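Subject: The structure I promised you

Hi,

Here is the structure we talked about. Have a look at it first, then read on for what I found.

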Amino acid sequence: MIRFHWMLPKAFEVRRGQTPREAARYRIESIQLDSPSPKPDMDGWLEFARVAEDAGIESVLISFSRYEPEPFMVACAMGQETSRLKYIVAYRSGLMGPTSFVQQINTLSALIDGRVAINIVAGSSAAEQRGYGDFLPHDERYARAEEFLSAANAFWREGHDVDFDGRYYKLEKGTLHTPFVAPDSGARRAPLPVGAHGVRPEIYVSGHSEQSMRLAATQGTCWLRAADTPESLRPSVARMRGLGIDVCLRACVICRPTREEALRVAQSLLPDDKRETTIALKNDSRMYAESGAKDEWLNRTLWTGLVPHYGPVWTTLLGTPEELAGAFLAYKEIGVDQFILSGWPEVDEVSNFGREVIPRVRDAERRQVA
Amino acid sequence: MSALRFHWMMPKGGEVSMKSAQETSRVLTTKKESPAAMPDVQGWTRFARAAEESGIESVLLSFSRYEPDTILIACAMGRATPALKYIIAYRSGLIQPAPFVQQINTLSGLIGGRVALNIVAGSSTAEQRGYGDYLEHDDRYARAEEFLAVCKAFWGRTLCAPTATTTAPNGRGAQRAPETVAFDGKYYRVDGGRLHSPFQSPDRTAPEIYVSGHSPQAQALALSQGSAWLRLIDTPEKLAPIVAQVRERGVEVCLRLCVICRETRDEAVAAAMAMLPDDNTEKEERGILNRSDSQTLKQALAAADERGWMNRNLYAGLVPYYGSSSITLIGSPDELAEQFLEYKKIGVTQFIIAGWPKLDEMLIFGREVLPRVRQMEGS
């Protein structure tokens, strides 16, 4: 079965009666200093979480940036007050040593019944990274992330006496007594030998570069990237699946009863000033560099009209419930089996998605099995 | 003079339900199968509610490789309790200061600002190496100095105060010019650092920072970056001069101690003597203390060996068995209340206490000692 995840809305984004345009603008403007979004918003998030759980969403991705609350803390607080939803916490290597990182993740897993996965980002903008004390260039950040995850995986495999002698990290007899606690259903794709510890979280490695694919293959469980057409993704998906690695796509969803309504919503999300862009903020990311130079319609349901303005994760799946269900099944056919989605307003779109799209996908999946 | 502030040690995982002091000794905590490895939200919640009812202001969460991470525990426990504050022990050298501040700030927003920090430069060299930290004792303090300087620079920014505005680069809407953090030290470098998440608290813009340790470097760090110097208890006479020096610099002094309070001094002393365990435990505990390069531990052990009873109510005899922080005030409720007032006289303002069993001793303290202290403070 396809696994559907959603983005956790920004703080104070969950408000009733917003238009898609207002909701999208709130997200774009969340990096401005007067946005309320850097402060945690438990009421709004919990409302979203209840709707998402009812919609059949498995996890929420909590993004990491200097503009937002810290994802581990948010996952801890949210996990305490929800019972089914899982939390994919985004983190950048280079901010914390692998030992303390594993200690935090393991503690979190023990506090919220193992409902935690990790999204490792090698680091997006050089300027933002320097503000966090990280001065490595893009390519070296992948080499470091490789070491970081390799050391973290050693802790999850062994739990004690972890020795590591790398270029970026050195550990001598690293020991952590708090183990990773797996969710009831989880850790099924973690192919590590089971020892005293031996259980680890799912690790999503995101990016479009060759390095990100290699990092996902060597240290992760899933490669996470922005949506593209099934035809263009087919070779890289086949390669990752051949290595035992899942592929998960990030996309926005605009689902309406008719295609015309969906198109109207899409148009309303475009900025008045056509030159407006937030992409410059992440200038050394390959994912961002590749965006922008493409046709707006990649196929009938995949639209990149928002990408030049807001970035590649705004690649949009657009259409009627039937069309979208068909689109997801086309991805499933080439081997993609996870999605992290978002929409505007998040609560309305996720509830609509759970009502209209997921049941159609599940019906088709059942027919395929039968 | 404001009222004395009383904090308590958060028991380790599983300890709340343990009845004997021997069960909870630190030697057992370090064993791999120890329940201290797992969060004990149920036991801790029971303990935290009792602490709130006993008039305890904060609990200190200790940090080690044998225990769950303190920042996450503070988050879980802070969400489960309405009033108690959490003093988070953390070691510099494990995380960059900016993401650390981002975690603490987010935590503050989630638990109503009920968070303080106990920054430890590091404990044993062996444990630090497991965390990827190869610095020696003195360098660890130099790094902690930089770590806290960067943290405080982030807390000093006023990103969220609605003041001076400039026009955004895209010309659309007004935006304030961000004040950014720049730092170029030996251990940390930050360029254009900004965090939009503020420290959220009804009365503070940054957490209180307790710096612990007995070495000259620890004292210097407390004076330059801390709001309180946290150290082991000693007799008021011994502490008076150093406390006066620290207070003069505008930094508070907080003492770590244990308490055994019973109706009479004799009963309290008998309770202490009953805690002396067998010889094997002593050997193990001494092994741990001897391997450490901490000045605090060395001094505590020396106190135990040389003095035992440091005065009529202060006993160091448990240190070889229960660790350096088990120098214990022993006596009747009246005696203990008087002792706390003696420390107040010399300028001590805060205490972080522990007892055995963890929960019962705190309840006795809240019922018998604290009301007497408050009454004496009022008169």
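What share of the 379 residues in chain B is buried? Buried residues come to 62% of that chain. Keep in mind as you read that this is a predicted model.

Let's stay with chain B for a moment. Its fold contains 14 helices and 14 strands. Take the contacts between residues at least 6 apart in sequence: 74% of them join residues at least 24 apart. As for the outside, chain B exposes about 14,300 Å², and carbon and sulfur atoms supply 50% of that area.

Now zoom in on two helices of chain B. Two packed helices are described by the angle between their axes and the distance between the axes. For H3 (residues 70–80) and H4 (residues 97–110) of chain B, the angle is about 10° and the axes are 10 Å apart. Angles under 35 degrees count as roughly parallel, so H3(B) and H4(B) are roughly parallel to each other. Who meets whom? From H3(B) come B:Ile71, B:Ala74, B:Cys75 and B:Arg79, and from H4(B) come B:Phe100, B:Gln103, B:Ile104, B:Leu107 and B:Leu110. Sorted by type, the residues of this contact are 7 nonpolar, 1 polar and 1 charged.

Over to chain A. Its pLDDT averages 90, and 90% of the residues score at least 70. One stretch needs care, though: pLDDT stays under 50 over residues 185–196 of chain A. The model has 18 contacts beyond four places in sequence for that stretch. Where pLDDT is low, the predicted coordinates should not be read in detail.

Two residues in chain A are good ones to click on. A:Leu8 sits in the loop between strand E1 (3–7) and helix H1 (20–28). Is A:Leu8 buried or exposed? Its relative accessibility is 8%, so A:Leu8 counts as buried. Leaving out residues up to four places away in sequence, A:Leu8 touches A:Arg27, A:Trp45, A:Phe48, A:Val60, A:Leu61, A:Ile62 and A:Val74. You can also try a distance: A:Glu356 is 348 residues from A:Leu8 along the chain, and their C-alpha atoms are separated by 20 Å.

The other one is A:Ser342, in strand E13 (residues 338–342) of chain A. At 1% relative accessibility, A:Ser342 counts as buried. With the same residues up to four places away left out, its contacts are A:Trp6, A:Met7, A:Arg27, A:Arg250, A:Ala251, A:Cys252 and A:Val253. Look for A:Arg27, which touches A:Leu8 and also A:Ser342.

Cheers

Note on methods:
Residues are numbered from 1 along each chain as its sequence is written. Chains are lettered from A and ligands numbered from 1 in the order in which they are written. This is a predicted model: local features need pLDDT of at least 70, side-chain atom pairs count only at pLDDT 80 or more; totals for chains, interfaces and linings use all residues. Side-chain values use heavy atoms; hydrogens and water are left out. Axes are lines fitted to C-alpha atoms, for helices over the stretch in contact, and angles run from 0 to 180 degrees between N-to-C directions. Helices (H or I, at least four residues) and strands (E, at least two) are DSSP runs, numbered from the N terminus. Angles under 35 degrees count as roughly parallel, over 145 as roughly antiparallel, 65 to 115 as roughly perpendicular and the rest as oblique. Contact means heavy atoms within 4.5 Å. Ala, Val, Leu, Ile, Met, Phe, Trp, Tyr, Cys and Pro count as nonpolar, Asp, Glu, Lys and Arg as charged, and the others, Gly among them, as polar. Buried means under 20% relative accessible area, exposed over 50%, partly exposed in between (1.4 Å probe, protein chains only). Accessible areas come from the Shrake-Rupley method with a 1.4 Å probe; for residues, only the protein chains shown count as cover. pLDDT is the predictor's confidence in each residue, from 0 to 100.
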